[in-house]
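Here are a few exercises on ring geometry and packing. Grab your viewer and try each one before reading the solution.

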Amino acid sequence: MAALSGLASALESYRGRDRLVRTLGYCCQLVGGVLVEQGPARADVGARLLAVSSQLSGCRTTLRLFDDVAMFLYTKQYGLGAEEEDILVRCVSVLGNLADQLYYPCEHIAWAADARILHVDSARWWALSTAFWGLSLLLGIARVPHPLWCCRSLWVVLKLRQQLRSPAAAVTSQRSRSTRGAVEARIQSELVTLLSNLADLANAVHWLPPGFLWAGRFPPWLVGLLGTISSLLSVFQAARASGGAGKAAS
């Protein structure tokens, strides 16, 4: 019952519902792609699963028609990243926000072209939106903290814990342990984001026009596998963040 209640709670939010639809869609593509390649006996079931995956992807595309305002408000709030201490993180974050902001209208135009609302070449706009998505993912990968930065932070925390051994420094020691835990959690979170972005980036390149790197060379099952990995990592991140918020509240 607790798991069912958690699922119902997640489905009440737009992001939670999108994660579920994304995961289900890529899982259908993974299984469907495998079945199609196993021969005529299972090809029909595989084709049906691929059709379900396509419909779920179209559902997500339609729902993203309403994401522009939220993205604009986030970009406006972040601004030039004045709160970021690292100038590299600031620059790539601003560029990433710009890429995300441009991605949405390009996808909307491509969607409208496919629906014959606009008389333009949808393939060109799909390619452009995918390029902005890939650029955003690439910048997201670059935004992951440098390993030396992480090690230095952990080293400082460990040195502080060694220095704070007297009972008079109990409060400071507690603060040091809390800081260390926060840094370790940040490192793990960034590594999960890195893996998720790499999986999505591989698919983004695949969906670009043929001739660019491995564009168009992935079989459906591989696209589904990479998407499933990325989606499950996203679900894991969300569940972990929700768990952390629950602990903080308690």
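What follows is three tasks, each with a worked solution.

This is a predicted model, where local features need pLDDT of at least 70, side-chain atom pairs count only at pLDDT 80 or more, and totals for chains, interfaces and linings use all residues. Residues are numbered from 1 along each chain as its sequence is written, and side-chain values use heavy atoms, with hydrogens and water left out.

**Exercise 1.** Classify the ring pair Tyr 74 and Tyr 78.

- Rings of Phe, Tyr and Trp (its six-membered ring) pair if their centres lie within 6.5 Å; planes under 30 degrees apart are stacked, over 60 edge-to-face, the rest tilted.
- The whole structure has four aromatic pairs. In this one, the centres sit 6.4 Å apart with planes at 25 degrees, so call it stacked.
- Now burial: under 20% relative accessible area is buried, over 50% exposed, in between partly exposed (1.4 Å probe, protein chains only). Tyr 74, at 43%, is therefore partly exposed, while Tyr 78, at 17%, is buried.

**Exercise 2.** Do the same for Tyr 103 and Tyr 104.

- Their centres are 5.2 Å apart and the planes make 70 degrees, giving an edge-to-face pair.
- Both Tyr 103 and Tyr 104 are buried.

**Exercise 3.** Find what Tyr 103 touches, skipping residues up to four places away in sequence.

- Contact means heavy atoms within 4.5 Å.
- Your hits should be Arg 64, Ser 129, Phe 132 and Trp 133.
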